[in-house]
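Here is a short tour for the bench. We begin with one helix and then turn to the aromatic rings.

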Amino acid sequence: MAIAKRNPRVLIAGGGIGGLAAALALLKRGFDVDVYEQASELREVGAGVQLSANAIRVFHELGVHEALRALACEASGKEVRLWNSGQTWKLFDLGAVSVERYGFPYYTAYRPDLLAVLADGVHSRIRQALFGPDQAQFTGLVAWRGTIPMDRLPGHVRRLVGRAPMERWSAGRVSLFGDACHPTLPFLAQGAAMALEDGYILARALQAAGPDIEQGLARYEGARRERTAKVVHGSAEMARRFHNPALAESAGAQDYVSREWSEERVKSRYEWLFNHDVTAVAV
């Protein structure tokens with residue numbers, strides 16, 4: 001009598017966006033998953049997150065798009081604004097255009113809300129399934145967001161830092177995803193999206209490889225390395241574009257922006273990002 005082989009158990013270090021997306025995608029495929037997070041609870045890290053259509057596709061496949069929709073704002077468009085005059089140029093239309101062209105909307109979301117959609121906790125659905133519906137109670141406590149002068153910050157948090165894309169992410173039965181292997185500047189607004197895509201593709205690759213974990217990680221890495229490296233390099237290129245000396249004066253800025261943010265150049269920078277389908281990538 002043949003004994004069916006069980007999926008291997010997966011341990012995920014870190015309950016961030018990528019880790020939680022990977023955990024949910026793996027659970028849906030029948031894997032046993034443990035997520036190890038040093039924080040006793042998932043609190044706010046950062047503030048707002050931009051989620052383009054390629055990222056929303058992941059939420060759709062994970063079955064939590066509607067939960068995210070209720071907490072997010074759908075962007076109608078993007079524009080470039082000159083720092084010293086307020087003059088604006090349209091970057092691209094979103095809203096219905098994003099749905100029409102790429103299949104999904106473009107959202108902005110509060111990072112804690114995003115984690116809540118992927119995680120569990122005070123509003124635990126598992127608890128409600130086990131012990132019945134209940135209602136969370138307001139504690140009477142609120143939190144305020146503020147700003148402080150940069151010169152009062154420690155030196156290590158004053159700068160955006162990054163690394164070149166890694167040529168190899170895996171060692172034996174362990175691999176990396178998200179910022180651990182391809183940290184990216186925010187100028188393409190794809191950091192969260194890449195972590196989400198990583199998590200979903202990782203689950204697909206491990207499922208495709210069966211009990212051979214190392215082969216699964218190789219499949220995952222092979223499916224993700226080129227795309228994420230292109231995002232890292234593209235974001236660095238956009239940093240130079242946004243901080244170009246031509247933008248220092250209004251006189252030269254208009255010609256520069258009109259050229260660099262022409263419709264064709266914008267399409268070449270973003271269409272390949274937004275059209276990506278994590279369900280169709282070969283693993």
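In this predicted model, the buried residues of helix α1 are I17, G18, G19, L20, A21, A22, A23, L24, A25 and L26. That makes 10 of the 12 residues of α1 buried, so the helix is largely enclosed by the rest of the structure. What do these buried residues of α1 pack against? Their partners are strands β1 (10–13) and β2 (33–36), together with helices α2 (53–62), α5 (111–118) and α7 (191–209).

The length of α1 (residues 17–28) can be checked too: at 1.5 Å a residue, its 12 residues should span 16 Å, and the end C-alpha atoms lie 17 Å apart, which agrees. After α1 comes G30, with a positive phi near 90°.

Now for the rings. The structure holds 9 aromatic pairs. One of them joins F92 and F274: the ring centres are 5.8 Å apart and the planes stand at 85°, so this pair is edge-to-face. The pair ties together distant parts of the chain, since F92 belongs to strand β6 (residues 88–93) and F274 to helix α10 (residues 263–274), 182 residues apart. Are these two rings buried or exposed? F92 counts as buried at 11% relative accessibility, and F274 counts as buried at 3%. Both belong to one aromatic cluster with Y102, Y106 and Y270.

Two arginines also sit over aromatic rings, as the table shows.

| Arginine | Ring | Distance from ring centre |
|---|---|---|
| R29 | Y200 | 4.9 Å |
| R269 | W261 | 5.6 Å |

Terms used. Residues are numbered from 1 along each chain as its sequence is written. This is a predicted model: local features need pLDDT of at least 70, side-chain atom pairs count only at pLDDT 80 or more; totals for chains, interfaces and linings use all residues. Side-chain values use heavy atoms; hydrogens and water are left out. Rings of Phe, Tyr and Trp (its six-membered ring) pair if their centres lie within 6.5 Å; planes under 30 degrees apart count as stacked, over 60 as edge-to-face and the rest as tilted. Helices (H or I, at least four residues) and strands (E, at least two) are DSSP runs, numbered from the N terminus. Buried means under 20% relative accessible area, exposed over 50%, partly exposed in between (1.4 Å probe, protein chains only). A charge sits over a ring if NZ of Lys or CZ of Arg is within 6 Å of the ring centre and within 35 degrees of the ring normal. The expected span of a helix is 1.5 Å times one less than its number of residues. Contact means heavy atoms within 4.5 Å.
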